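Hi everyone, and thanks for making the time. I'd like to walk you through a structure that is probably new to most of you, so just follow along with the picture as I go.

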Amino acid sequence: MSPALTVAFVIFVLIFLLRMPISIGMLVAGAFYFVVKGMSLDSVCNFVMTTYYSNYVIIAVPLFIFTANVMNSGKVTEKVFKFANALSGGRRGALGHVNVIASLVFSGMTGSAIADASGLGKMEIDAMKKEGYDDGFSCAITAASATIGPIFPPSIPLVMYAMFAGSSVGALFLGGMIPALLVAAALMLYVSIMAHLRNYPRAGKTPLHQFMHETLAAIPALLTPVILLAGIYTGVMTPTEAGAIAGIYAIIVSIICYRALSFKGLLKIIKDTVRDTGSVSLMIGAASVISYIVAREQIANNLGKYIIDLQLSKTGFLIIVNIIILILGMFMDTSTIQLVFVPILIPVASALGINLIHFGLVVTLNMMIGLSTPPFGMLLFITANISDTPLGTVMREILIPIIFLLIVLAVVTFVPQLTLFLPKLVGMI
């Protein structure tokens with residue numbers, strides 16, 4: 001490494017160890033790099049503004065954040081939960097299955113694991129605790145099922161990945177459908193096993209008239225992903241335009257259909273969205289500075305040459321990437337992994353002939369598993385906090401669901417057709 005890069009790396013590590021915000025760490029490390037290099041910041045600012053903040057695709061991110069906040073603010077989460085409850089039938093451990101089904105449905109509206117866990121998760125955990133489910137199990141399945149959100153379309157992380165990889169957002173959305181369904185199936189299998197081992201309560205069967213009532217009540221919310229995906233794949237709208245339409249539709253559903261959103265509530269949602277967007281924008285800007293340094297130092301090119309010299313197969317490379325991201329996910333926020341490390345790996349994957357749609361779904365699923373992985377999985381902290389459950393209890397309980405998630409990750413990694421089948425079917429790749 002050059003002296004400037006060494007200084008930047010040391011500064012970044014120190015700030016990380018001090019538990020300061022990662023975005024601040026990246027900016028400070030970048031500033032030290034430019035000072036040591038004797039460079040002007042003008043070129044860097046120009047690079048950031050023209051490459052990222054003028055990128056049309058990235059506008060979809062605040063739009064989907066806004067949609068998620070609207071969906072979480074009113075009765076939408078309640079309608080989704082009741083629909084999933086009616087759909088689950090009278091099986092043992094029904095509320096555990098409801099948890100997974102509701103997360104799958106909700107993921108088609110928000111694309112955010114955090115929104116799922118913090119909004120819908122509160123309702124799910126409270127209901128499960130009232131029915132006698134263990135606190136740790138309730139939190140663990142809520143955290144694990146929330147990982148479906150960024151895999152099933154729409155997905156904020158997949159939009160971010162598309163920006164870095166130059167891939168089709170629509171193809172990534174389609175590619176995430178089968179992996180998301182596999183995650184849901186694996187978690188429902190886990191729920192079934194634990195429900196029989198621990199003798200969790202069996203819910204009564206939902207009468208047909210009640211099922212129809214809950215389904216009709218949920219239809220306005222359930223139409224959100226249908227409108228989004230139909231608009232994108234028929235070519236009527238771009239993913240960014242779809243994000244805007246989703247936001248408008250969410251407001252209409254919350255105000256007119258469910259009468260659950262006041263003007264004051266809408267103002268609060270806008271403020272929350274501005275705050276969340278500001279946080280994301282700061283991360284993107286800071287990460288783009290690091291990307292500038294990576295490009296200038298030719299780190300990606302050198303890493304690619306090194307890996308090619310090792311004569312790794314595609315499978316061998318994916319295994320190494322999975323191991324690295326899983327380890328990083330135990331200690332780092334997923335946004336840092338996606339914004340700093342993944343862009344370095346994308347050119348290497350491309351050089352090895354790995355389809356970037358497949359690679360994007362592999363790394364995104366891996367990062368989402370990191371959200372539930374001890375000791376610093378964000379979803380563990382959220383579910384423990386909203387349910388007043390000891391964090392250690394949640395961490396112990398999450399280990400088995402993680403095994404199920406890792407099995408799905410392995411299947412998605414080694415069977416590329418699971419992610420490529422639907423995009424190929426509609427001619428997007």
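I'll go through the core, two helices, the salt bridges and a few single residues. Please keep in mind that this is a predicted model.

Let's begin with the core. The largest nonpolar core here has 149 residues. Met-26, Phe-137, Tyr-161, Phe-317 and Phe-359 are the ones with the most contacts inside that core. As a general background point, nonpolar side chains tend to be buried together in soluble globular proteins.

Take Met-26 as an example. Which residues does Met-26 touch, once we set aside those up to four places away in sequence? They are Phe-12, Met-283, Ala-286, Ala-287, Ile-290 and Val-340.

Val-340 brings us nicely to helix α17, which covers residues 334–351. With 18 residues at 1.5 Å a residue, α17 should span 26 Å, and the 24 Å between its end C-alpha atoms agrees with that. There is still a kink in α17, of about 45 degrees, at Val-342. The proline Pro-343 comes shortly after that point. Is α17 enclosed or open? It is largely enclosed by the rest of the structure, because 13 of its 18 residues are buried. Just past the end of α17 you'll find Gly-353, which has a positive phi of about 85 degrees.

Now have a look at another bent helix, α12, residues 208–233. Where does α12 bend? The bend is at Ile-219, about 55 degrees, and here too a proline follows within four residues, namely Pro-220. Pro-220 is itself buried, and other buried residues of α12 include Glu-214, Thr-215, Ala-221, Pro-225 and Leu-229. What do the buried residues of α12 pack against? Their partners are α4, α5, α6, α10, α11 and α13.

Let me pick out one residue of α12, Gly-231. Gly-231 has a relative accessible area of 6%, so it is buried. Leaving out neighbours within four places in sequence, Gly-231 is in contact with Val-236 and Met-237. By contrast, Phe-404 lies 34 Å from Gly-231, C-alpha to C-alpha, and 173 residues away in sequence. After α12 comes Gly-235, with a positive phi near 80 degrees.

On to charges. How many salt bridges does the structure hold? The count is seven.

One of them joins the side chains of Lys-37 and Glu-297, at 3.8 Å from N to O. This pair links distant parts of the chain, 260 residues apart: Lys-37 is in helix α2, while Glu-297 is in the loop between α14 and α15. Lys-37 is partly exposed, at 39% relative accessible area, whereas Glu-297 counts as buried at 18%.

Another salt bridge pairs Asp-134 with Arg-198, with 3.2 Å between the closest N and O atoms. Asp-134 sits in the loop between α7 and α8, and Arg-198 is in helix α11, so the bridge ties together parts 64 residues apart in sequence. Asp-134 is partly exposed, at 34%, and Arg-198 is partly exposed too, at 31%.

For a local example, look at Asp-126 and Lys-122, whose closest N and O atoms are 3.7 Å apart. These two belong to helix α7 and are about one helical turn apart, because four residues separate them. In general, residues three or four places apart in an α-helix point the same way, because the helix has 3.6 residues a turn. There is also a network of salt bridges, linking Lys-268, Asp-272, Arg-275 and Asp-276.

What about disulfides? A search of the whole structure finds zero. As for cysteines, Cys-139 is buried, with a relative accessible area of 0%, while Cys-257 is partly exposed at 42%.

My last stop is Thr-147, in the loop between α8 and α9. Is Thr-147 buried or exposed? It is buried, with a relative accessible area of 2%. Beyond its neighbours within four places in sequence, Thr-147 is in contact with Val-183, Met-368, Ser-372, Leu-379 and Leu-405. The C-alpha atom of Ala-117, 30 residues away along the chain, is 9.0 Å from that of Thr-147.

That's my tour. Thanks for listening!

Notes
Residues are numbered from 1 along each chain as its sequence is written. This is a predicted model: local features need pLDDT of at least 70, side-chain atom pairs count only at pLDDT 80 or more; totals for chains, interfaces and linings use all residues. Side-chain values use heavy atoms; hydrogens and water are left out. A nonpolar core is a set of buried Ala, Val, Leu, Ile, Met, Phe, Trp, Tyr and Cys residues joined through side-chain atoms within 4.5 Å. Buried means under 20% relative accessible area, exposed over 50%, partly exposed in between (1.4 Å probe, protein chains only). Contact means heavy atoms within 4.5 Å. The expected span of a helix is 1.5 Å times one less than its number of residues. The bend at a residue is the angle between axes fitted to the seven residues ending there and the seven starting there. A salt bridge is a side-chain nitrogen of Lys or Arg within 4 Å of a carboxyl oxygen of Asp or Glu. A disulfide is a pair of cysteine sulfur atoms within 2.5 Å.
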